[in-house]
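User: I'd like to learn how to read a sheet and an interface in a model like this one. Can you walk me through it?
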Amino acid sequence: MVFLLIALFAVASLTLLAIDGDDTDIWAFVMAGCIVAVLAAEYILFPVLFRHGDRSLLLIINTLAVLGLVFQYRLDPWTAFRQLAWFIVGLTVMGGVVWFLSRWEGFEAGSWLYMGMGLALLAASLVYGSTAGGAKSWVRISEVLSIQPSEFAKVTLCLSLASVLREQRRFTGYLPLFAFILLSVALLVVQKDLGAAALYYITFLGVLMAATSNGWWVSAGVLGAAGGAVAAYHFFDHVRLRVSVWLDPWSLPDTGGYQIIQGLEAVARGGLLGAGLGQGFPTRIPAVRNDYIFAAVCEELGIAAGIIVIAFYLILVVRGAFIARAARDSFRSLLAASATLMIAAQSFIIIGGVLRMIPLTGITLPLVSYGGSSMLGTLMLCGILQAIAQRNGIDRQSARQAKAKRVTQGEGP
Amino acid sequence: MGWRELYALAVRYLLPTIMAAVLLRVMFITAREWRAARRARDLTPPPIGSLTDDAGRQYALGHDSVLGRSRRCDIVLSDAGVAGVHAQIYERRRTVFLQPLARGKVFLNGAALSGRAKLQSGDTVGLGETALTVRLCGRDQGGDEAGPAKAESQCGTDV
């Protein structure tokens, strides 16, 4: 039923975009049809393939993705179709992740493998990367295809955190993980991908707290981050620029502060219900298709839509917490927690940056922003959540069956 | 106002409404699941561990369990050497304690207890002639291959 609402959202908004302007845009109807087809496929396939998957999570994913697709179409129809292709690929990959994780046991032991893969991915973008938008994090695969390895490194980070932190160790047992984190963050800072660096570190601290409940360590980590930030401020120009632009963008209205100012003005122009789809001027904002998509949503659909988007990410956190709590062993629990935290932290970092609550960093709004790697990475993390939810459901079922058997055999509950 | 403008106006209100509707529906589902989990947990709180005697019989440990021969106890032991109300095993701030209650002796891993002691998985508790092996629920159980599997069937929530 809710799928129908999402489909209606797509059809209504794309129809508006189709009739807006002088000629009727046929391709908008094509896009609407494609979206409805994808939603229908999910509606039919999901309960069949993943009996215990988290359907609400799927609803959240689809709402955000459809919102993103509509806005990508509004900004540039060609990128919207590319985004749609990546979405379909991503959904398939999400299913693949669920299947993959359910097939084998022993994932919890591969901590060295995960850390190695993570570092390799980040190093790859350092070595092979080409700069785009100030960050050196893109690797060109072909003429039209470039990926961001740091997005996939997110998955390996979650796996590393979960596989190391699942059991209590002596302090020396955690050192490889700490070294891995520091190296990853350093690699990202060197590539000027400060948003990803912050994201990794925040996720690490969060999962560390969840796993060890050791407030001292986490506080030490926060202090270390503060120290690192201060050091970065002194040593790196681009950090200084970001901070000064954050504190007073109007001092650099034509260069550094232009993006932030345009974003703020766009959000303000939107008012409560927005200027109307297609009526705003989001193209004034640099990087509006990826980093600043939130400002475009607020400008054209209003602050109300912005608040609802934020609420969706919060609900995602709650559902991720449910999945983590229901997990039977600590590896799966921490894996769910880290995946949830990654998605949530990423969305809050970029929304906070757009609204000038924190300095702006170049990361995408999960599922809404344009970006194939970002979409894939986020859907892989969601796949991890669905896989754990699926496993929780299976465990719950077998526990119920075992309990029923015990009762009927007279052994007592 | 032409029909195009009318449609634009309708869509202007429709889109946030749909988003809000989806959000509310997801919130409602989440709240319902939360309440169901809460109810299930209140009805049957998960055991904190189990005690196994030599005969292989298992007793589930609740948050606070009293052991003794009397039928009023949570865990009733039929050993003649066990007092009516002999000992208590309870959990406080993630630690499980064993507290002797009667004048009868309580042994922990062979040593007689004079007061409260902390319990760990694998400990042996002696009351009268009965020796009970402790298995505690919790993320890190330790123990042999047979242990965790058996204890897991007692542990775990039905969330």
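Analyst: Sure. Start with what pairing means: two strands pair if DSSP finds at least two bridges between them. This is a predicted model, and in chain B that rule gives an open sheet of six strands.

User: What is the order of the strands in that open sheet of chain B?
Analyst: Reading across, it goes E2-E1-E11-E10-E7-E8, with antiparallel pairing. Strand E2 (58–61) and strand E8 (111–112) of chain B each have a single partner strand, so they stand at the edges with one side lacking a neighbour in the sheet.

User: How many bridges join strand E10 to strand E11 of chain B?
Analyst: Four, between residues 124–127 and residues 130–136. To see one for yourself, find B:Thr124, whose bridge partner in E11(B) is B:Thr133.

User: Now the interface. How much area is buried between chain A and chain B?
Analyst: About 3400 Å², with carbon and sulfur atoms giving 67% of that. In chain A, the residues losing the most area to chain B are A:Leu273, A:Arg325 and A:Arg328, together 17% of what that side buries. As for contacts, 46 residues of chain A meet 33 of chain B.

User: And which residues form the salt bridge?
Analyst: For a salt bridge, look for a Lys or Arg side-chain nitrogen within 4 Å of an Asp or Glu carboxyl oxygen. The count here is one: A:Arg319 with B:Glu33, their closest N and O atoms 2.7 Å apart.

User: Which helix gives the largest share of chain A's side?
Analyst: H12(A), with 12 residues. By type, the side of chain A touching chain B has 26 nonpolar, 11 polar and nine charged residues.

Key: Residues numbered from 1 in each chain as written. Chains lettered and ligands numbered in written order. Predicted model: local features only at pLDDT ≥ 70, side-chain atom pairs only at ≥ 80, totals over all residues. Heavy atoms only, no water. Helix = DSSP H or I, 4+ residues; strand = E, 2+ residues; numbered from the N terminus. Contact = heavy atoms within 4.5 Å. Buried area = accessible area lost by both parts, 1.4 Å probe. Nonpolar A, V, L, I, M, F, W, Y, C, P; charged D, E, K, R; others polar.
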